[in-house]
Amino acid sequence: MAISSDSTTVLTGSTGTRHPDDIAFSSKCTKQNICYSIVVIVFTTGVVMGILEGSLQTPTPNIDRLAWDGIILNRHYTHPVCSPTRSALLTGKYAFQVGISNPSSPGEPYGIPLQFKLLPQYLKDLNYNTYMLGKLAPEVNRSGRNLYENGLQVAESCTNNHYLPHMLTEKFEQIVHNNGAEHSKPFFVYFASPLPKANSEANGTYRVNRQFVMPQYLSRPSVRAMDNEHFGRKQQMGQIQALDEQVKRIKEALECKGVLNKTIIIFMSDNGAAPMVLPTIHVNHGSNWPLRMFRGSPFEGGVRNLAFIWSKLLKKKGIVTDQLFHVADWLPTLYEAAGGNVSDLPNLTGISQWTSLKEGTKKGDRTELVALINPVRNVFGFVYQEPGSGTLYKIVGGPGSSHITGWYKTEGTNATLKMVNPTSVSVNCGHPEGIERTVCQPWLADCLFDLTNDPCELNNIAAAKPEMVNLMKNKVVSYNATAYPSVRQPYDPTSNPELFQNWWTPWQDPEPVRKASSCLPFQSSFSL
């Protein structure tokens, strides 16, 4: 993940133009704005089973401590790939309702249509400063640098081959420093960590994938103890150690500046982990075991993902809730937490679950959700909670469904060498793990699962419950009718970094190349 001219593209940016001392923090606190700062940490490549379970491969004490002192969302669903999930997070709508169905790649001239208002824009209405720190991951056979600060290119000479995760964490510390406890408006930070993920790089006419990690994380005892036979998995375990270090420093920065007690922290994955199954596609050595499938799939391994909320505002902490939660719910939930009136939010799919989380009731208002509707691929996944019984059902289908539908064990583990110490969030399949009981071939016929009693989707019960299949399929059809036309566009060759001194740029802008006159303001000019 070191920064170089052929590195994975990344984006850092911030907004908020007023000096921290311009306005006293207390003078801006009103009934409409409760002045709590919000940090949303989104990491990539999925649940990485073992976090929150006392992982024996890669302990994550800082993440675990925060999670178990907050509320763990045990039924938190995303879309199965990154761009749609992040679109849902930022718009409060299902991704297909804003025209995003597939992962986007550099050089493709499209994005969320400008008519859709985003989460930071809503928070700006409540007088928040808003910031974004994070990454973009290209999936094309071209290479170019893509590190920006407020739209200005950050040159290699400014970063000195600095490890990107450390750089982003340091920038977060700078943001917190400049928003001191007594002299600033509340702030929102969308922290899109590049960890843990393989990095796509160009190598001639094709792309290769590498997992960059600093030696100090590979040398930690649990990671060092792993057999080098699974070195790719070992590297990813090192990356997870770096992610845990990011969380530690984020919390310490907030605590050091006296704003931790005024902060809401969200930690979530954007999609299921990608295991080493298809070396040219899924190269990340992740694990969703014992859940079925992986990133890109509407099965549980692709869409049921790790998330928790931590805040001093929560009246009950250290709990696990099974209430249904979709990533689109975060926009109205955080808007209400920040003092906004959710009735002011127009036509959102997301449901505010702030009252439930704040009170710790473990009961939300959501009873169904779309895990995936992809009009381009003709694939869908839908979850429905039956009234009365409370049983969760899941339907998966569509002629465009992948013919790969299995379960994939965690590398470096076997019957005697376990990965985790089970906790209350560990998945209990109820039957032998990874052994299908009734065949599911979604490209031929829709599959139905009882997630309450069969969370690992081992038993396709579609034939036994045709009424439920019809009910859920009709709901999918109704949701599909709300789809916004796909905005996806093919690669535009005029975006090629070779035309812009090996930089990915906003090539269609009147001024696609914007260079900073110096390394400032990227370089930190303070110490914590």
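**Exercise 1. Work out which side chains of strand S2 point the same way, and whether they are buried or exposed.**

*Solution.* Start with the two directions: Ser37, Val39, Ile41 and Phe43 point one way from S2, while Ile38, Val40 and Val42 point the other way. In a regular strand, side chains alternate between the two faces of the sheet. Next, take the burial: residues on both sides of S2 are all buried, where buried means under 20% relative accessible area, exposed over 50%, and partly exposed in between (1.4 Å probe, protein chains only). Since seven of the seven residues of S2 (residues 37-43) are buried, this strand is largely enclosed by the rest of the structure.

Before going on, a word on the model: it is predicted, so local features need pLDDT of at least 70 and side-chain atom pairs count only at pLDDT 80 or more, whereas totals for chains, interfaces and linings use all residues. Residues are numbered from 1 along each chain as its sequence is written, and side-chain values use heavy atoms, with hydrogens and water left out.

**Exercise 2. Find the strands that S2 pairs with, and name a bridge partner in each.**

*Solution.* Helices (H or I, at least four residues) and strands (E, at least two) are DSSP runs, numbered from the N terminus. Two strands pair if DSSP finds at least two bridges between them. Take strand S12 (residues 263-269) to begin with: S2 runs parallel to S12, and seven bridges join them. Phe43 has Ser269 as its bridge partner there. Then turn to strand S9 (residues 187-192), which is also parallel to S2 and joined to S2 by five bridges. Here Ile41 is partnered by Phe191.

**Exercise 3. Describe the open sheet that contains S16, and say which strands stand at its edges.**

*Solution.* Write down the order: four strands run S16-S17-S18-S19, with antiparallel pairing. Now look at the ends: strand S16 (368-374) and S19 each have a single partner strand, so one side of each is left without a neighbour in the sheet. From one strand to the next, the twist averages 10 degrees. For one pair in detail, six bridges connect S16 with strand S17 (residues 379-385) in the antiparallel sense, and Asn374 has Val379 of S17 as its bridge partner. Finally, add the helix: H12 lies across S16, S17, S18 and S19, at about 115 degrees to S17. Axes are lines fitted to C-alpha atoms, for helices over the stretch in contact (heavy atoms within 4.5 Å), and angles run from 0 to 180 degrees between N-to-C directions.

**Exercise 4. Locate the disulfides and decide whether each is left-handed or right-handed.**

*Solution.* Apply the criterion, a pair of cysteine sulfur atoms within 2.5 Å; the count comes to two disulfides. One joins Cys429 to Cys456, with an S to S distance of 2.0 Å. The torsion about its S-S bond is about -80 degrees, so this disulfide is left-handed. The pair links distant parts of the chain, 27 residues apart: Cys429 sits in the loop between strand S18 (392-397) and strand S19 (447-450), and Cys456 in the loop between S19 and helix H12 (466-480). The other disulfide is formed by Cys440 and Cys447, whose sulfur atoms are 2.1 Å apart. With a torsion of about 100 degrees about the S-S bond, the Cys440 and Cys447 disulfide is right-handed. Check burial last: Cys429 and Cys456 are buried, as are Cys440 and Cys447.

**Exercise 5. Classify Cys82 and Cys256 as buried or exposed.**

*Solution.* Cys82 has 13% relative accessibility, so Cys82 counts as buried. Cys256 is at 53%, and therefore counts as exposed.
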